[in-house]
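Work through the following exercises with the sequence and the coordinates at hand. Each task is followed by a solution that proceeds step by step.

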Amino acid sequence: MALGGCTTSEVFNQGYVLDQTALDLTPVGSSREQVLLSLGTPSTTATFDNEVFYYVSQKRVRGAMFMKPKLVDQTVLAVYFDEEGTVKQIANYTLQDGRVFDMISRTTPTGGVDKSFLAQVMSGATSAEASQNMARNILGGGN
């Protein structure tokens, strides 16, 4: 009986719910204002020049109360604008179109090495001797 309560599955829908009739009201050639009126405020916009509106929807399922919800479906409706502010393309991306990315933290892994502040300061020095002297001064072991 006690284990029976743990087996219920929960479904969490988050983000924008795509309405096909609202999408039909925004064909290619629509203005930016018409998109905002029919689809509403986007989940996010492009980083540069606001020429893309993104409407993001996610579906997560949790098998039991103690389990972490698992992402099972994600759709991103992208509305691309041209220089005049009219819709030039509408695309609907899903999990099959690419890898899952973290929408909460909005971080993208980058190449390279994360250095601490001290390592960055020391790597900016021109010679190994200058780096050692700078580290000695910062850490309190001065001449």
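Two strands are taken to pair if DSSP finds at least two bridges between them. The model examined here is predicted.

**Exercise 1. Describe the overall make-up of the protein chain.**

Begin with the secondary structure: the protein chain has four helices and five strands, and along the sequence they follow the pattern β-α-α-β-β-β-β-α-α. Next turn to burial, for which 24% of the 143 residues count as buried. Then consider the contacts between residues at least 6 apart in sequence, of which 44% join residues at least 24 apart. Finally, the accessible surface amounts to about 10,200 Å², and carbon and sulfur atoms account for 56% of that surface.

**Exercise 2. Determine in which sense β4 and β5 pair, and examine the hairpin that they form.**

Strand β4 covers residues 70–81 and strand β5 covers residues 87–94, and the two pair in the antiparallel sense over seven bridges. Within this arrangement, T75 stands opposite T94 in β5. The hairpin has five residues between the strands, and in it G85 takes a positive phi near 85°. The loop between β4 and β5 also holds E84, which counts as exposed because its relative accessibility is 63%, where the cut-off is over 50%. Although E84 and S31 are 53 residues apart in sequence, their C-alpha atoms are 8.7 Å apart in space.

**Exercise 3. Identify the largest nonpolar core and the elements that supply it.**

The first step is to list the members, which are the eleven residues Y16, A22, L23, V35, L39, F53, Y55, L77, V79, F81 and V87. The second step is to assign them to elements: those that give two or more residues are α1 (20–24), α2 (32–39), β3 (52–62) and β4. Of the contributors, β4 gives the most, namely three residues. Another core lies apart from this one and has five residues, including V52, A78, Y80 and A91. As a background to both cores, nonpolar side chains tend to be buried together in soluble globular proteins. One member of the largest core can be followed further: with its neighbours within four places in sequence left aside, Y16 is in contact with L39, S43, Y55, V56 and S57.

**Exercise 4. Decide which residues of α2 are buried and which are exposed, and relate this to the sides of the helix.**

The buried residues of α2 include V35, S38 and L39. These residues lie on the same side of α2, because they cover an arc of only 80° around the axis. E33 and L37, by contrast, are exposed on the other side of α2. The cover over the buried residues of α2 includes α1, β3, β4 and β5. Just after α2, G40 takes a positive phi of about 90°.

**Exercise 5. How many salt bridges does a search of the whole structure find, and which residues form a salt bridge with each other?**

The search of the whole structure finds one salt bridge. R62 forms a salt bridge with E10, and the closest N and O atoms are 2.5 Å apart. The pair links distant parts of the chain, since R62 belongs to strand β3 and E10 to strand β1 (residues 10–15), 52 residues apart. As for the surroundings of the two partners, R62 counts as buried because its relative accessibility is 16%, whereas E10, with a relative accessible area of 24%, is partly exposed.

Note on methods. Residues numbered from 1 in each chain as written. Predicted model: local features only at pLDDT ≥ 70, side-chain atom pairs only at ≥ 80, totals over all residues. Heavy atoms only, no water. Core = buried A, V, L, I, M, F, W, Y, C linked by side-chain atoms within 4.5 Å. Buried < 20%, exposed > 50% of the residue type's maximum accessible area, 1.4 Å probe, protein only. Contact = heavy atoms within 4.5 Å. Salt bridge = Lys/Arg side-chain N within 4 Å of Asp/Glu carboxyl O. Arc of directions from axis to C-beta. Areas by Shrake-Rupley, 256 points an atom, 1.4 Å probe, with all protein chains shown as cover.
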